[in-house]
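Student: I should like to learn how terms such as "paired", "buried" and "in contact" are justified for a structure. May we go through them one by one?

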Amino acid sequence: MDFLRPASWEEALAAKAEHPTAVPIAGGTDVMVEINFDHRRPEYLMDLNRIGDLREWETGADTVRLGASVPYTQIMENLRAELPGLALASHTVASPQIRNRGGVGGNLGTASPAGDAHPALLASGGEVEVESAARGVRMIPIDEFYLGVKRNAMEQDELIRAVHLPKATGPQQFSKVGTRNAMVIAVCAFGIALHPETKTVRTGIGSAAPTPVRAKEAEAFLAAALEEGGHWESGAPVAPSVAKQFAQLASGACNPIDDVRGSAKYRRHAVGIMARRTLGWVWESYRGDGRTAQGGAQCA
Amino acid sequence: MAGVTRTPTNLTQGSKTPAGIGASTLRPDGTLKVTGEFAYSSDMWHEDMLWGFTLRSTVAHAEIRSIDTSEALAQAGVYAVLTYDDLPTAVKNYGLEIQDTPVLANGRVRHHGEPVALVAADHPETARRAAAKIKIDYAELPVVTDEASATAEDAPLLHPGRKDHHAGHVPHPNIVHRQPIIRGNADEAAKRADVIVTGEYDFGMQDQAFLGPESGLAVPAEDGGVDLYVATQWLHSDLRQIAPVLGLPPEKVRMTLSGVGGAFGGREDLSMQIHGCLLALRTGKPVKIVYNRFESFFGHVHRHSAKLWYEHGATKDGKLTHLKCRIVLDGGAYASASPAVVGNASSLAVGPYVVDDVDIEAIALYTNNPPCGAMRGFGAVQACFAYEAQMDKLAKALDMDPVELRQRNAMEQGTLLPTGQVVDSPAPVAELLRRVKAMPLPPENQWETTEGADVRALPGGLSNTTHGEGVVRGIGYAVGIKNVGFSEGFDDYSTARVRMEVINGEPVATVHTAMAEVGQGGVTVHAQIARTELGVQQVTIQPADTQVGSAGSTSASRQTYVTGGAVKNSCEAVREQVLQKGRLKFGTYHPAWATAELLLEGGKVVTDGGEVLADIVDVLGEESVEVELEWRHRPTEAFDLETGQGNGHVQYSFAAHRAVVEVDTELGLVKVIELACAQDVGKALNPLSVVGQIQGGTTQGLGVAVMEEIVVDPKTAKVRNPSFTDYLIPTILDTPTIPVDVLELADEHAPYGLRGIGEAPTLSSTPAVLSAIRAATGLALTKTPVRPEHLTGT
């Protein structure tokens with residue numbers, strides 16, 4: 001196994017072009033697990049840690065450009081207002097030590113359905129900035145990024161540079177079920193974001209289908225119900241029957257498997273519960289006049 | 001040994017305070033451990049060492065048609081590849097009690113992960129790659145994975161032609177051992193019962209999950225022998241199994257304990273010991289073997305999974321009439337400690353209760369599942385889970401408070417056990433329950449803060465699954481009984497060598513035993529005992545090795561009792577010799593030398609009235625006093641094979657728990673808020689260590705209640721979750737507040753009146769949590785661990 005250590009982004013792109021099988025490594029919190037378990041023995045490992053830009057973020061007027069290697073800890077501490085859903089998801093990643101190392105780029109590169117960032121990214125919406133030496137920059141909408149189990153829309157010569165996420169304009173929430181209270185891989189997860197400016201709702205489901213998915217029927221149903229009832233304007237509570245239907249549709253968007261972490265039936269069930277609860281939290285927050293996004297949860 | 005680094009060193013601890021027994025002195029290795037300086041067995045190094053690797057079976061049950069090692073041997077950097085055919089002597093098996101475990105597979109593998117071949121190479125990665133080039137032709141055989149398949153008429157036999165001492169009395173060759181306990185007449189007594197409850201329970205396979213993986217370093221010696229540095233629980237038991245396979249006399253296999261990163265029973269059986277020595281002797285070079293976490297799951301035995309059937313009857317005033325039960329333990333492919341686990345499960349199946357009429361049967365199976373053996377609680381854990389579930393069920397049927405029901409039937413000093421043995425030391429079972437129940441409860445809705453819900457205090461924690469929705473509190477109680485020490489007639493002795501001399505004008509004691517310090521705190525307690533008995537401040541604990549007699553195993557909650565007892569006994573002998581020297585030197589100066597009870601205190605010889613007769617420094621001068629003595633507790637007897645009668649146990653340990661849980665009933669997630677424990681420890685030699693042990697045992701019991709299980713595919717007998725990603729153990733956020741109430745009622749038969757403490761809290765913690773979850777949900781919950789699926793019907 002050869003270890004490549006590009007000093008700059010350009011060098012990294014060149015190296016990736018020359019060695020398309022090279023596996024990029026930043027925090028290593030996914031890749032090293034795979035190597036330690038002997039699940040993969042890549043011919044080349046490409047260490048991206050010398051490229052400081054990848055650990056930086058820029059907050060624009062409407063979007064945040066989040067470098068691929070910005071550690072989860074930084075997201076939690078610095079981007080809670082702009083990216084509340086992702087900040088909540090970041091809290092659930094492993095342990096403090098791993099949150100200091102791992103970033104969203106690794107989650108996207110691995111594209112495991114269990115990656116904690118995915119439901120938040122899907123609910124927020126956004127684009128993945130990838131680049132190759134040959135063809136330059138390409139923006140992949142997050143909705144088109146996940147193609148299959150651990151398969152994404154990237155070409156072999158491309159590297160992830162950043163993700164571009166809209167700054168939250170409404171409350172966002174994230175919930176994850178694991179069978180212990182910390183440091184656990186998701187049995188299933190659910191993210192939700194209200195987008196009041198477009199009167200839409202977006203969602204993301206993790207670990208309950210071959211890829212991270214949106215519950216599009218549930219989103220459409222809820223948006224229609226909110227619109228019809230004039231809820232966006234009035235802030236009136238969401239009827240329990242609507243929440244129930246939303247939850248059922250979210251369950252229905254799952255296509256889970258039975259595995260050692262949980263049964264398919266449980267995953268469907270739990271996604272429904274999380275959908276109903278997180279809807280309650282974001283809507284309470286929306287009604288609560290200008291308070292964005294953090295619900296009642298205290299996550300210090 | 002020249003060239004070896006990061007091996008154990010003396011632990012010397014001085015103290016300005018008395019720091020004898022009863023003081024909470026700190027561990028002499030504590031600072032090293034928390035600062036990362038402590039040398040664990042995986043840290044050892046030798047300048048020209050090779051790395052060993054073990055190739056393990058990828059299937060659970062197969063005939064090995066052929067093994068081709070040629071490509072592996074051809075790889076650069078490889079020094080040796082060994083298979084069964086390379087074993088040097090006629091002794092090719094080992095085992096704790098039954099020698100049924102092949103050092104390397106002999107034409108057949110019986111479980112997933114069984115060692116088949118060994119590689120030594122100049123780099124661990126080279127060894128691993130070479131092992132991957134070994135070609136093994138497996139012809140898979142059908143697997144047996146439970147009682148029905150293992151004892152079917154045409155079941156494949158795990159060990160055909162058994163000749164072990166249990167073979168003659170078991171009803172099927174795939175049953176390792178069977179122990180009935182029959183007393184009174186359970187059928188007749190059942191007629192007196194106003195209420196009868198029955199239950200069927202499943203206990204999942206638990207892993208010891210010690211953090212320091214199996215590892216050791218074998219160094220070939222010039223005399224043809226080998227020096228082995230290894231993390232283990234009992235050096236002399238290892239030695240007894242290693243030497244015959246190597247074809248060496250025991251004195252040529254010199255073992256030294258290296259830094260042990262936890263054990264919990266998982267190091268009672270051999271792991272890399274013989275393999276490392278074989279490679280070292282073959283190559284003539286030092287060989288280090290370190291398992292990674294994945295391999296560790298296959299490198300040691302686990303806690304037996306069990307199925308338990310229980311029937312209890314009671315009169316309407318809540319007095320137990322009878323107990324019938326059947327306990328089926330899955331021993332897996334090799335016997336390991338299964339026979340003794342059967343003995344414990346059957347003899348303690350009744351729990352800490354008085355029942356005169358019992359019909360008990362416990363068996364352990366041979367199957368193609370992973371081998372199971374010793375783990376903290378050892379057979380008593382599975383039984384406690386079932387009988388405590390039964391007590392709750394019975395209380396409900398009687399419409400009685402579950403604690404009161406337990407108290408009405410609680411055993412006490414003088415109670416006759418189902419084995420016919422009298423409990424002849426304090427057994428404060430009712431009192432422990434009273435104490436744990438009397439502790440204040442954590443406040444309701446304890447997650448609420450002025451700024452909203454603190455999700456860390458709720459089920460799901462930072463995963464943010466509830467802000468209080470669906471959360472219901474439950475409270476449950478349990479109590480258990482664990483035997484202390486090795487039972488059933490085993491010669492359970494220990495040995496201690498103690499020296500006293502003057503160094504730099506100060507009397508100093510040195511304690512040398514073969515006791516494996518696995519974290520339990522023996523090194524702390526031995527120094528405390530030496531200070532108390534010999535009146536010194538400074539004590540040196542020498543590394544454990546086989547240059548001193550056996551200390552027995554660090555298991556069965558026995559080391560403070562037995563090796564502590566041996567250290568005390570040897571100290572007393574040293575003291576007697578010191579006093580004898582004093583009498584010879586100074587006896588004429590003071591009549592008290594001849595007439596008074598003399599003690600060693602504060603560096604001086606004093607009378608029991610406190611009068612100083614001499615400085616120890618002056619008594620000893622240039623001389624030193626050293627003794628090495630074996631020490632034994634009271635002997636025990638084997639259980640009768642038909643009736644289970646016999647004085648099988650030495651001592652008992654009792655703990656009671658109250659669990660308070662919050663359950664998210666919609667998502668099936670559990671947060672244990674508090675696990676209060678009351679335990680009788682006889683005498684707390686080190687109160688800080690005692691509380692630590694109780695909290696650790698409690699947490700390990702919590703783990704098996706709500707998350708820990710090795711999942712084995714019943715179709716293939718392959719392990720599905722051999723990693724810390726999928727075998728979950730409690731994190732600090734899963735570990736509740738554990739208030740501990742320590743009771744000290746002396747056992748007059750034991751040194752200082754102490755009781756072994758390490759295991760009892762592991763017993764009652766699990767059923768207390770289950771009971772609390774049942775109280776919160778109203779569900780029957782008959783299986784550990786409780787999973788979200790069980791709580792949500794999914």
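**Reasoning from definitions**

Tutor: Let us begin with strand S30 (residues 604-607) of chain B, which pairs with S31(B) in the antiparallel sense over three bridges. Please bear in mind that this is a predicted model.

Student: What makes S30 and S31 of chain B a pair?

Tutor: Two strands pair if there are at least two bridges between them. S30(B) and S31(B) have three bridges, so they satisfy the criterion of at least two. Within this part of the chain, B:Lys604 stands opposite B:Asp615 in S31(B).

Student: To which sheet do these strands belong, and in what order do the strands lie?

Tutor: The order is S29-S30-S31 in chain B, an open sheet of three strands with antiparallel pairing.

Student: Why are S29 and S31 of chain B said to stand at the edges?

Tutor: Strand S29 (598-601) and strand S31 (612-615) of chain B each have a single partner strand, so one side of each lacks a neighbour in the sheet. On average, neighbouring strands of this sheet are turned by 25° against each other, direction ignored.

Student: Let us turn to helix H11 of chain A. How do you know that its span is close to the expected one?

Tutor: H11(A) has 24 residues, for which 34 Å is expected at 1.5 Å a residue. From its first C-alpha to its last, H11(A) reaches 35 Å, which is close to that value.

Student: What makes H11(A) largely enclosed by the rest of the structure?

Tutor: A residue is buried if 20 or more other C-beta atoms lie within 10 Å of its own. Of the 24 residues of H11(A), 19 are buried, and therefore the helix is largely enclosed.

Student: How many residues of chains A and B are in contact, and what does "in contact" require?

Tutor: The C-beta atoms of two residues must lie within 7 Å. There are 34 residues of chain A in contact with 38 residues of chain B. H11(A) provides the largest share of chain A's side, eight residues. By class, that side has 16 nonpolar, 13 polar and five charged residues.

Student: How is chain A divided into domains?

Tutor: Chain A has domain 1 (2-47 + 59-166) and domain 2 (172-287). Their centres, taken over C-alpha atoms, are separated by 24 Å. The contact takes 23 residues from domain 1 of chain A and 23 residues from domain 2 of chain A. On the side of domain 1, H7(A) gives the most, with seven residues.

Note on methods:
Residues numbered from 1 in each chain as written. Chains lettered and ligands numbered in written order. Predicted model: local features only at pLDDT ≥ 70, side-chain atom pairs only at ≥ 80, totals over all residues. Helix = DSSP H or I, 4+ residues; strand = E, 2+ residues; numbered from the N terminus. Nonpolar A, V, L, I, M, F, W, Y, C, P; charged D, E, K, R; others polar. Domains from an automatic or database assignment. Axes fitted to C-alpha atoms, helices over the stretch in contact; angles between N-to-C directions. Expected span 1.5 Å × (residues − 1). Buried ≥ 20, exposed ≤ 12 C-beta atoms within 10 Å, placed from the backbone.
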